[in-house]
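Subject: Structure handover

Hello,

Here is the structure I promised to pass on. Please open it alongside this note; what I found follows below.

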Amino acid sequence: MSQSFKETMNLPQTEFPMRGNLPENEPKRLEAWDKFDIYHKVLDKNKDGEPFVLHDGPPYANGPIHLGHAFNKILKDFVVKSKAQQGYYTPYIPGWDCHGQPIEHMVEEKLGPEKMAKIDKPTLRRLCREWAEKFVDIQREGFKRLGVNGDWENPYLTFTPNYESGNVEVFKKMYLDGAVYRGRKPIHWCKHCHTALAEAEIEYGDETSPSIFVNFLMDAVPEAFDVDELYILIWTTTPWTLPANTAVSLAPEAEYGVVNANGKNMLFALDMVKDVAEAAGWDKYEVLPGKVLGKELEGYKYTCPIRKDLKGTIIYGDHVTLDSGTGAVHTAPGHGQEDYLVGQQFGIPTLMPVDDNGVLTEEAGQFAGLDVDDSNPKIIEYLENEGVLVARQDISHSYPHCWRCHEPVIFRATDQWFVSMDKTGLREKAGKAIVDDVEFIPDWAKNRIGSMVAERPDWCISRQRSWGVPIPVFKCAKCGETVANEQTFDAVIDLFNTEGADAWFTKNPSEYLPKGIKCDNCGCEELEPESDILDVWWESGCSHTSVCKHREADGLHFPAEMYLEGSDQHRGWFQSSLLTSIGAYDAPPYKQVMHCGFIVDGEGKKQSKSKGNVIDPADVMKKYGADVLRLWVASVDYSQDVGIDDEILKRVTDSYRTIRNTFRNILGNLNDFDHEKNAITKWDDLFPADKWIIARIYEILRDTTDDYNNYRFHSISQRIFNFINNELSPIYMDIAKDRLYSDAKNSPERRSAQTALCNCLEVMVRILSPILSFTCEEVWENYKCKSADSVQLAGWPELSDFVPKVDEAKLNVALEEYGKLLEIRDVYTRALEEKKVSGEYSKSQETGAKISLPDDYKPLVDKFGQRTIEELFICSDSEIEFGSDEIKVEIVKAKGEKCPRCWNYRELDEHGVCERCAKVLKDLNFKFE
């Protein structure tokens, strides 16, 4: 019976388990971090470091967190933790957007129409607050479960008094500067939610609309045409807006002519004749002599068949194109931004025969009382009976919808509060800041938000709801004039700071306004508070004041170093924050803006419950753990839409296991290593393979640091994974195994390998900690050479931390020299694989190698010796000759016999072991049987 040498080997030993059991163990880790107060411990450690503030964009407090939330918060955690690890002072105050229609709508549904009809505003606001508080708590626990560090017990909430007062501070500055005004303009209006909407509250979806061609009878015939009666043929896709028609717009430089068809003379763009004839189904038609430019028809009058009591005017505008229609566009300034602007240019009146419910008013004549959607077929039927409907088609096109109820919106002119984009130069200043003062990540996003700001209309900031911050101005009870000045704003700021915005709805203005405040127009002292509230995008946009400025005591400051949200926020929070900050302070609120894409399934399709492809982050963490979810985030290009499904998560889990088992292998081989007592202290005393792997881990550190500083997280995970799979495990760990397992415990050979592994672990555990926070803390806990109570307190690895001390020049030499040896190894490995495939050998230790090398390899081989070559090949012996024109390796049978302890083929002694093993066994006082 053969003797066992297992107890004489230095086999890996560690309490770090192969299976992480993350779903069960991560919550325990969270409890430990909470008890330890890791967030404040990190801040205290870095209190003298350079500040880096990532200002949290507030998610909406309405429902549990979804995968998009998780994706965003984990990315933020990568940024904050990597900066903190590098010594930056990184306060992170999470926040929630708690006001707005979605919460109000949920409370309305819960109460029902009967109770809603009787409820007062203070009670409704209290119920909305309670609803928001409930989901703040739910979402907070969800975010903490992800392993995200932050001041979770002191978040910012947009319904708190100090936050609400910040809105008034910004409003005061912009109002007094003249940027905020009240006007009557067409805006997006949701007839279901009964409120105005800003562009950021609009989503687009396909709708089918009637496209109609209608004859409007002209009062006079232009001299260019020899006809007695003439119609102008208009085109529209919104028949319900015809009761508001006051103009027809033409393309200024297009040519217009008269076409006779079915006994009528119709004026429209000559370039559209063929398309119109096809749409109208004309078998015969004639283009009559004469033509004019669109701009030459300005001022001609006509009668709209829907409003025969009013005369309309022909005008022109650059917004008219010849892509479709007739080149003569029905124009209702009360129902569209382009219509309004061109109407203002030509002094065209604005009509608004539609009420808040989307119902036509008495001004619409016989169509009064009809919902705008129901009116379309009625108006089309009327036009047909009048004999002026030339053609009708149904078209599918992209149409704006309300982001809350997802119903189509209408354009409707109403009295609203606006921020002017141009009166105080806001558009120009914001555009300049985007170009000159802010770094966008990725860089192409600069053009995206830049074009949005350049093209956007004035910002409608008023909403006709109850749950939000009121617009802080007053109305004269006698003449209706707005009353707002520095004194009133300061009184409101003080009121909101002490009692919150609820006081606006419960107190009379005389209770908190200074004495003597009166209407400048009529002198009346009786004032009424404005009933509209601010747009929630204004509210969240003012967080630069309500949070970054108001919470300087918590380490925040203005401007923040970074804002990070989804790509849709270029027209949302990124933009509202920029406009309010430029408007109030002439400076952007951020230095860097980073965006992430949306979540799709593994096939790139949008996730939806109806498709059954929605993945709940809570389910992922119950099955795989938060670190797997975090590794998935680190594995994708966050700037694009990112896919996830069960198959993708399984692949990520495999990658996680590889990383975990690598840590386990290193920890096991460091079980008896104390870096202060056992480390090799001179670079030249290290073995060549150990120098090489230390040089490589330094390269990994250097490149990963650059990746973190440039937020290339997917490069980090890929770089580490490739290092483990291509170098650390298959090359270094393989070749160092013999020294680690078989050499004497305290031998220079083994301690050299352990020194190298210690350097590898020190770097890997620290640079991966921002990503795999739970696992790296577990590794650190099982690491006997740790220098801090938590890996998050260990700091960023530096070259000066390496043991032994070494400079970059020596590291580069190690890379160059060992790199040449690895070229020989590649040739050997290919030759060995052929022998394994043929069945001649099963393990490399069974082989020897006859090696022929070019002469330029001789100095290197002489320097390192044959043992280095044999260790590199993991073969038992070798013969080396020089003078060949290329690297050649012949695989031969190893000399000697197999040592039963180390499994290398050597000359064995009288006890049947090799010389190296005999010495080790003697030192261990091993008794041979």
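In which loop is the place of Pro442? Pro442 sits in the loop between strand S18 (439-441) and helix H12 (445-455). I start there because of its peptide bond: the one from Ile441 to Pro442 is cis, with omega near 0°. Keep in mind throughout that this is a predicted model.

**Backbone points to check**

Pro442 has company. Phe558 and Pro559 are also joined by a cis peptide bond, with omega about -5°. Pro559 is found in the loop between helix H16 (543-549) and strand S25 (560-566).

Then there is Asp586. This residue is not a glycine, yet its phi is positive, at about 55°. Asp586 belongs to the loop that links helix H17 (573-585) with strand S26 (590-596). For context, most residues other than glycine have a negative phi, and most peptide bonds are trans.

**Overall dimensions**

The protein holds 29 helices and 33 strands. Its radius of gyration is 38 Å, whereas a compact globule of 929 residues would come out near 30 Å. Along the principal axes, the C-alpha atoms fill a box of roughly 125 × 75 × 50 Å.

**Sheet S22-S21-S23**

This is an open sheet of 3 strands in the order S22-S21-S23, and the pairing is antiparallel. Strand S22 (482-483) and strand S23 (527-529) are the edges, each pairing on one side only. Strand S21 (residues 474-476) is joined to S23 by 3 bridges, and the two run antiparallel. To find the register, look at Cys476: it stands opposite Leu527 in S23.

**Sheet S30-S29-S31**

Here is another open sheet of 3 strands, ordered S30-S29-S31, with mixed pairing. The edges are strand S30 (877-882) and strand S31 (888-893), and each pairs on one side only. From one strand to the next, the twist averages 15°.

Strand S29 (residues 847-853) pairs with S30 in the parallel sense, over 6 bridges. Leu853 has Phe882 in S30 as its bridge partner.

Two helices pack on this sheet. Helix H26 (residues 808-838) touches S29 and S31, and its direction makes about 45° with that of S31. Helix H28 (residues 866-873) touches S29 and S30, and its direction makes about 120° with that of S30.

**H26 with H28**

These helices also meet each other. The axes of H26 and H28 come within 10 Å and cross at roughly 55°. H26 and H28 are therefore oblique to each other. Their crossing is right-handed.

H26 brings Tyr818, Leu821, Leu822, Ile824, Arg825 and Tyr828 to the contact. H28 brings Thr868, Ile869, Leu872 and Phe873. By class, that contact has 8 nonpolar, 1 polar and 1 charged residues.

**H23 with H26**

H26 has a contact with H23 as well. Their axes come within 13 Å and cross at roughly 95°. That makes H23 roughly perpendicular to H26.

On the H23 side, the contact uses Pro730, Ile731 and Ile735. On the H26 side, the residues are Tyr818, Leu822 and Arg825. The contact of H23 with H26 divides into 5 nonpolar, no polar and 1 charged. Note that Tyr818, Leu822 and Arg825 of H26 also appear in the contact with H28.

**H23 with H24**

How do H23 and H24 lie relative to each other? Helix H23 (residues 713-742) packs with helix H24 (residues 748-768) at an angle of about 160°, and their axes are 10 Å apart. Angles over 145 degrees count as roughly antiparallel. H23 and H24 are therefore roughly antiparallel to each other. The crossing of H23 past H24 is left-handed.

From H23, the contact takes in Ile720, Phe723, Ile724, Leu728, Tyr732, Met733, Ala736, Arg739 and Leu740. From H24, the contributors include Glu749, Arg750, Ala753, Leu757, Cys760, Met764 and Leu768. The residues of this contact split into 15 nonpolar, 2 polar and 3 charged.

**Where to look**

Please begin with the cis bond from Ile441 to Pro442, the one joining Phe558 and Pro559, and the positive phi of Asp586. After that, turn to H26: it packs on the sheet and contacts H28 and H23.

Best wishes

Technical notes
Residues are numbered from 1 along each chain as its sequence is written. This is a predicted model: local features need pLDDT of at least 70, side-chain atom pairs count only at pLDDT 80 or more; totals for chains, interfaces and linings use all residues. Side-chain values use heavy atoms; hydrogens and water are left out. Two strands pair if DSSP finds at least two bridges between them. Helices (H or I, at least four residues) and strands (E, at least two) are DSSP runs, numbered from the N terminus. Axes are lines fitted to C-alpha atoms, for helices over the stretch in contact, and angles run from 0 to 180 degrees between N-to-C directions. Angles under 35 degrees count as roughly parallel, over 145 as roughly antiparallel, 65 to 115 as roughly perpendicular and the rest as oblique. A crossing is left-handed if the near helix is turned anticlockwise from the far one by less than a right angle, and right-handed if clockwise. Contact means heavy atoms within 4.5 Å. Ala, Val, Leu, Ile, Met, Phe, Trp, Tyr, Cys and Pro count as nonpolar, Asp, Glu, Lys and Arg as charged, and the others, Gly among them, as polar. The radius of gyration is taken over C-alpha atoms; the globule rule is 2.2 Å times the number of residues to the power 0.38.
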